[in-house]
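Thanks for coming. I will go through one structure today, contact by contact, and then finish on a single helix.

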Amino acid sequence: MEKHVIQYQTVHFNLNGKDVERTVDVRASLTDTLRNDFRMTSVKKGCEVGECGACNVLIDGEAFNSCIYLAVWAEGKRIRTLEGLLGPNGELSDIQQAFVDEAAIQCGFCTPGFILTAVEILESGKEYTDDELRKLLSGHLCRCTGYENILRAVKKTMYKRLGKEMPQA
Amino acid sequence: MYDMKALYQAKDVADAVALRLAHPEAHIIAGGSDVLVQMREGKRAGVELISIQGLDELRGVSLEEDGTLRIGSLTSFSHITRDPLIQKYINVLGEAVDQVGGPQIRNIGTIGGNTCNGVTSADSASTLHAWDAVVELTGPDGVRCQPISEFYIRAGKVDIREGEIQTAILIQKDSYLDTFGHYIKYAMRNAMDIATLGTSVNVRLSADKKTVERARVAFGVAGPVPLRARTAEALAAGKPVTMELAEAFAQAVKEDINPRDSWRAAKDFRMHIAVESAKRAFIESVKLAGGAL
Amino acid sequence: MSNSVGKSVTRVDAYDKATGRAKYTDDLCDRSALVARICHSTIAHGVVKAIDTTEAESIPGVVRVLTCFDVPDIPFPTAGHPWSTDPHHQDVADRLLLNRHVRYYGDEVAVVIAEDEVAAAQGVRALKVEYDELPFVLDVQKAMEQDAPQLHEEYPGNVLAHTDIRKGDYETARQEPGLIKVEGWYDTPTVQHCHIENHGCFAYEEAGRIVVVTSTQIPHIVRRVVGQALGIPWGKVRIIKPYIGGGFGNKQDALYEPLCAWCSTQVGGRLVKLECSREETFVSNRVRHAIRTHIISYVRPDGTLVARKFEAFSNQGAYASHGHGIVAKGMGAFPQLYPCDNLECDAWTVFTNRPSAGAMRGYGIPQAMFAGESHIDDICRAIGMEPLEFRRKNLMPVGYVDGFSKNELYSDTFNQCMEKGMAAIGYEQKLREYQNQTGPVRRGVGMAVFWYNTAVWPISLESSSCRMVLNQDGSLQFQTGETEIGQGCDTAYSQMVADAVGVPLKDVHVVSSQDTDVTPFGTGAYASRQTYIGGFSIVQTAAALRERILNIAHEQTRMPVSNLDLVDGQIVRKSDGRVLKSLGDLATESLYSMEHSQHITAETTAQIKTNAYSFGCSFAEVEVDIPMCKVKLLDIVNVHDCGTLINPALAEAQVHGGMSMAIGYGLSEELKFDEKTGKPLNNNLLDYKLSTFMDHPTLQAAFVENAEPTSPYGTKALGEPPACSPAPAIRNAILQATGVAIDCCPITPHVLYRRFKEAGLIQD
């Protein structure tokens, strides 16, 4: 069989606020690169075909399943993973704390992906209804929580950031 | 890691055309939500890819001088939904593509990819058919435009010729002027699903809102490629707006559609849903157009 | 003494999981690992004649190709059951590491070990497998027919097992004049667990032993199975279980740990990783048994059950795995839930050419409740009685004792749960409001109860071991063989330990990961057993640790042990309440003592010879769009009596998750197969319709807390019960809305279209 010549390319991007560069195999997904080269364990592999949302990261502020995103496409992008949310002394961000407080975490495998989509939602600065939040979060599958406490966590943080009282159900 | 033989990244449209000519066997990759998934499955394993993902010139929605609405082929679904021109002139398209998969898929999926994969269930396709969209292709001989109904050849096969890439989807002014539409995605769950049936209806009413001047309806998954139901359209044109018309319009779609039996759904079930969806989408379109039923 | 139990304390692993730091199997695997990929059969039944590996072996990066002709001829069992020293009670050993006789589309025939995943996948695609094809059968009852294809020589007629229950005289009793006969067949589907982390593992040799790090619920059981499968002493096997991304019973089997371990031994003990793709997880791990149930009830017009017949046919798929235990548990519930004097019950577990069915959340009870509770509402329709009234009259009465398990219903659980559920959903008002509707869109309310019992005694061993090790600062580590799989047992156990030892919760450190070299023996996460069973060993070990501590306190303070106590991390003199010293000071002094140095630990095993009923109910409200053949779930509530809640917030979260799974079971989830080839059709997360964020209303969870007298903490099963009753409650709500009694789940638009057409509700 003919020997495959591996094609490499150097990509430059900003990862969690820091400019980085890596020479990657062009066949690598962004999930592969973040997990293997940067040891970002928050980026999970649940299906590797864009159906579960466990590998979600923010690219230029928008949520993407990194499993179906080529690593070389990251060139010049600003990429955020869950690792980037933590404060310098290990402080949890408000949305992480809300996931903890609302018992929105069980096995924890979908959690990082959900939190990053929540970040995109919260950074829009808008107020959403429950149905709108459900739709905005619907790109993530979870088998443990029934989504209920995840909704509570996102909603609570949304109202907190908006400086509004959360309406009672 | 993906099993790809080689990756060629286009720098601009001209470069993409050159790469297409240089590597005729290579597959085009735009957002990746179809191509990479099929590569993982093994269907496209070992192929060469030409990535047009970086061609930002193909992103965005604009209005041309003659009023034609131009949607760059790499515009993502979420950007289409949020675009003010789309919201103003063809809101139903924004609503339709807002039902593709989930939010992350809508961030990566592009309207060009959604049409070039030639899939009948694509959420954009029935609306683009119902609005007589025109597909713009750029190749070695320049730009070629083609009505979307002719762009689809058969399931999974569209008319992209040697050296070409799709560069835009165009909606002409006459198509959207005073026209209001509604899309119904019929699926087995409310997110992360592909359509069991997609129904897109739009109408233009007379100035007094009493008469249907033009009604158009297209379906996804009612045949191997998205298709129009011209019998129903002809039946409604020039008729007074009534519930009876909605019913007759809906029944008439059966003349033109030809869904198949598959493990995903039975033919008779899809027929039934097509009629009911056509009725509901017609009624909703009339309401959006200011008509009363 | 209780400071922590009963409070909604934060999960002990919440911070690590909220930051992405918690390590799962793949996070721990060194990147130098070789990658193994499995070649699965592309026929449903047949014999592998030959495998041409030449092309695969020539692919750059392919290290080794192993086929079904290379594996040791040692059949092994996979079920996550405690081992039995009685050969008659041992699990069926019907698997080889790779199979020449393939019995389902997706069976394992070969494995390619390569330097990376691409080469491994290319190698698998390059294998040329030649089969002698055999006829196959997918349907459970067709598999029982005389001329059906035979899957296992040892099981002629494909029947893995048949058991029955007889009581009174069914044939005579049903002759009573004036009885109303109600008969139904109820089908439940093949579904999959869909934990978000696929099963994966990696293996390597160290000091002449094989180490497997794996995503499992049952590390100690997997150790035994790997030993059996490889034919090596069990002590040569070490299993490490890190955090896992859900299990729900799928990982209560030895999945690919034996194969991965063997692969490592075939490449000189090098590190080999074997991860399942999502597609493999659906087909080649385990699924929930599809069960077809036939029920006949003879009822007096006043609602008295006179005679009942129950037949259940459980689709085992290709290999025995958990086997007959599932349908047997479902059948066992039947005579207990609605006691009746005259019964004939039979259950069969039958091999078919489908994926192997194993344990899945509920272990036969979701199937049994869908059939049984649907049937109860069918009875109510037939005799014109309200569903609640019938249940109040016929449900298991307080004081009922099961002769086999000796379980007793100590409290008026059913009525208390039903009252709470009715109030939460506004049942009575809605029941009246939704009667006699016409029009295309109609609403309905429905309910169902469930039966469940905790843990596996007396069918199998129940035992748990616990170790506690005191640190110099008065904090302690504890370990059990029971596993955290997302449900929160590490947190519940920490609360129990804090209270039982007498230290603040912050001073309790759980060793979350199990390592069979160092973790005390325990069988793992299944049967909703851990909170109940673990409680016994924690209380017992804490008592032993306290005794040691107080003896040392006596040595150090000269106070008699009888006058000493350990309260909140302080040694207290009981007579005057004076704090004599902190536990930290005691531990430091003890460890570094020049006279009598002691490392303070305790370790005990508790064998548990009790079991506990855990009951409750679901109420559902639906809106049915008849022309669109769609059901919208408007409201749903589950009410549970799982005894005293250890951690109310985590208990509520458990219930949400179970309800979600059951909503999918009721309305959308089914693994489908091509009738012509046996090929699975929808083994991915797009085509398999588990509920998304947009498919639920707000999920309501409520509790009735009757302390369970057999448990030291008054607790009993909660892991699986939430998944048992929502599906029939939804089905019964659809019945109230439309008058159409659906006889299968999931109740998809396809099903509704057929049934509405038959009922004349829609015309084409």
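Between chain B and chain C, 18 residues of chain B are in contact with 23 residues of chain C. Sorting the chain B side of that contact by residue type gives eleven nonpolar, three polar and four charged. Please keep in mind that this is a predicted model.

Now to chain B on its own. The domain assignment splits chain B into domain 1, residues 6–51, domain 2, residues 56–174, and domain 3, residues 179–288. I will take domains 2 and 3. Their C-alpha centres in chain B are 20 Å apart. Across that boundary, 21 residues of domain 2 of chain B are in contact with 24 residues of domain 3 of chain B.

Which elements of chain B give two or more residues to the side of domain 2 that touches domain 3? They are helix H5 (91–97), helix H8 (125–130) and strand S8 (152–154) of chain B. H8(B) has the largest share of that side, with five residues. By type, the side of domain 2 of chain B that touches domain 3 of chain B holds eight nonpolar, ten polar and three charged residues.

Next, chain A. Here the domain assignment gives domain 1, residues 8–81, and domain 2, residues 94–162. The C-alpha centres of these two domains of chain A lie 22 Å apart. The contact takes 13 residues from domain 1 of chain A and twelve residues from domain 2 of chain A.

On the domain 1 side of that contact, strand S3 (56–59) and strand S4 (62–65) of chain A each supply at least two residues. S3(A) gives the most, with three residues. The domain 1 side in chain A divides into six nonpolar, five polar and two charged residues.

Last, the helix. Helix H2 of chain A covers residues 94–101, and its buried residues are A:Ile95, A:Gln96, A:Ala98, A:Phe99 and A:Val100. What do the buried residues of H2(A) pack against? Within chain A, they pack against helix H3 (111–123) and helix H5 (148–162). From chain C, helix H1 (14–18) joins them. As a reminder, an α-helix has 3.6 residues a turn, so residues three or four places apart point the same way. After H2(A) comes A:Ala103, which has a positive phi, near 55°.

That is what I have; questions are welcome.

Technical notes:
Residues are numbered from 1 along each chain as its sequence is written. Chains are lettered from A and ligands numbered from 1 in the order in which they are written. This is a predicted model: local features need pLDDT of at least 70, side-chain atom pairs count only at pLDDT 80 or more; totals for chains, interfaces and linings use all residues. A residue is buried if 20 or more other C-beta atoms lie within 10 Å of its own, exposed if 12 or fewer, and partly exposed in between; C-beta atoms are placed from the backbone. Helices (H or I, at least four residues) and strands (E, at least two) are DSSP runs, numbered from the N terminus. Two residues are in contact if their C-beta atoms, placed from the backbone, lie within 7 Å. Domain bounds come from an automatic or database domain assignment. Ala, Val, Leu, Ile, Met, Phe, Trp, Tyr, Cys and Pro count as nonpolar, Asp, Glu, Lys and Arg as charged, and the others, Gly among them, as polar.
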